[in-house]
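Please open the model in your viewer and keep a selection tool at hand. The stops below say what to select next and what is found there.

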Amino acid sequence: MHTYLRRAAVALAAVTMTVGIAACGSADEADNDSGSGDKKNDGPLTIGLLLPEDQTARYEDFDRPLIEKKIEELAPGTKVIYNNAKQDATTQKQQVDTMITQEVDALILDAVDYKSVASSVKEADDAGIPVVAYDRLAEGPISGYTSFDNNKVGQVQAESLLEALGDKAKDGEVVMLNGSVTDPNAAMFKEGAHSVLDGKVKVGKEYDVKEWKAENANSDMKGAISSVGKDKIIGVYAANDGMAGGAITALKAADFDPLPPVTGQDAELAGVQRIVTGEQYMSVYKPYKPEADAAAEMAVKLARGEKVDSVATGTVDSESEQGVPAVLIDPIALTTDNIEETVVKDGLWTIEEICAGKFASACKDAGLQ
């Protein structure tokens, strides 16, 4: 009975989303509040949380604790079963299988490989477990999605790079270090960046960096320097801060002075510190809390057999699903000009953390102390 009721509730939520927001209101609230005697309404919940990797600091330092905290606020006593796939799609499939065996009430999934995970999502759905795609739009019958406007992320990065290049935008060539092909967000970042850069700069070399790893970006950047020529590279589009760090290491090893402007993403501490010192031109700050909160809210509602209309701000389409309820959050370009009013104000990093040790002098010059 437990599985049947859960599947029926998920189906009802999907039908309601198709009908539209007009169906929302007091009638919905009455339905949600009435309960059905199912243990999802009357007893403790169990929610699975699967994150993709630990190379990027955000997942362990921010996403996980923020999601767990919000779930506890919404449904005290909920058991959160957590695993990190460490960039291995096969491991993540096994983790989904385990969640199904443990009969979690809902699953928050940030896919390592958004295509290959589709069969696992279907298996969860067949077992009556609704899946919320987190940060990356996984294929398969997902019940909700929370992320950032990823096309806009690429646009913000590219616009910042053009701003840094100014009237020298056509004086040389740009190297593009895009994210991993297994990540659907990477394709959207790239598309957004090209929509701004095409026709305004010449792209000398472009790479889809394997697994988003800094060492792979470093290797690709070395190849670009050798191929394009040190004297011709005027800028680097790096899709995230880890890869920006790898690229900058390669540029410094090749004795670039000054360094060309390099973009990034995620506002990692090392990235913010490179911005302060002038080694990295910008990053993209994506406030993790609203994204994590939305995922937690969706998961708790779905686990209880409730609709997610009150959480979703729109819908998205994947290659396999249409009209998925979604929350998309706008990214912010991060430079030396707005560090205090963004990452410091929001509590992502403190001035003390950013300006520790060898960064104190640069922080003083940037007005951060």
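**A pair of helices**

Begin by selecting α7 and α8, where α7 passes α8 in a right-handed crossing (the near helix is turned clockwise from the far one by less than a right angle; anticlockwise would be left-handed). This is a predicted model, in which local features need pLDDT of at least 70 and side-chain atom pairs count only at pLDDT 80 or more, while totals for chains, interfaces and linings use all residues. Residues are numbered from 1 along each chain as its sequence is written, and side-chain values use heavy atoms, with hydrogens and water left out.

The axes of α7 (residues 150-165) and α8 (residues 184-197) come within 6 Å and cross at roughly 40°, the axes being lines fitted to C-alpha atoms over the stretch in contact, with angles from 0 to 180 degrees between N-to-C directions. The two helices are therefore oblique to each other (neither under 35, nor over 145, nor 65 to 115 degrees).

**Helix α12**

Next select α12 (residues 288-303), whose 16 residues should span 22 Å at 1.5 Å a residue, in agreement with end C-alpha atoms 22 Å apart (the expected span is 1.5 Å times one less than the number of residues). Of these 16 residues, 12 are buried, so α12 is largely enclosed by the rest of the structure (buried means under 20% relative accessible area, exposed over 50%, partly exposed in between, with a 1.4 Å probe and protein chains only). Among the buried residues are Tyr288, Glu291, Asp293 and Met298.

**Gln94**

Finally, select Gln94 in helix α5 (residues 89-101), which counts as partly exposed at 48% relative accessibility.

Conventions: Helix = DSSP H or I, 4+ residues; strand = E, 2+ residues; numbered from the N terminus.
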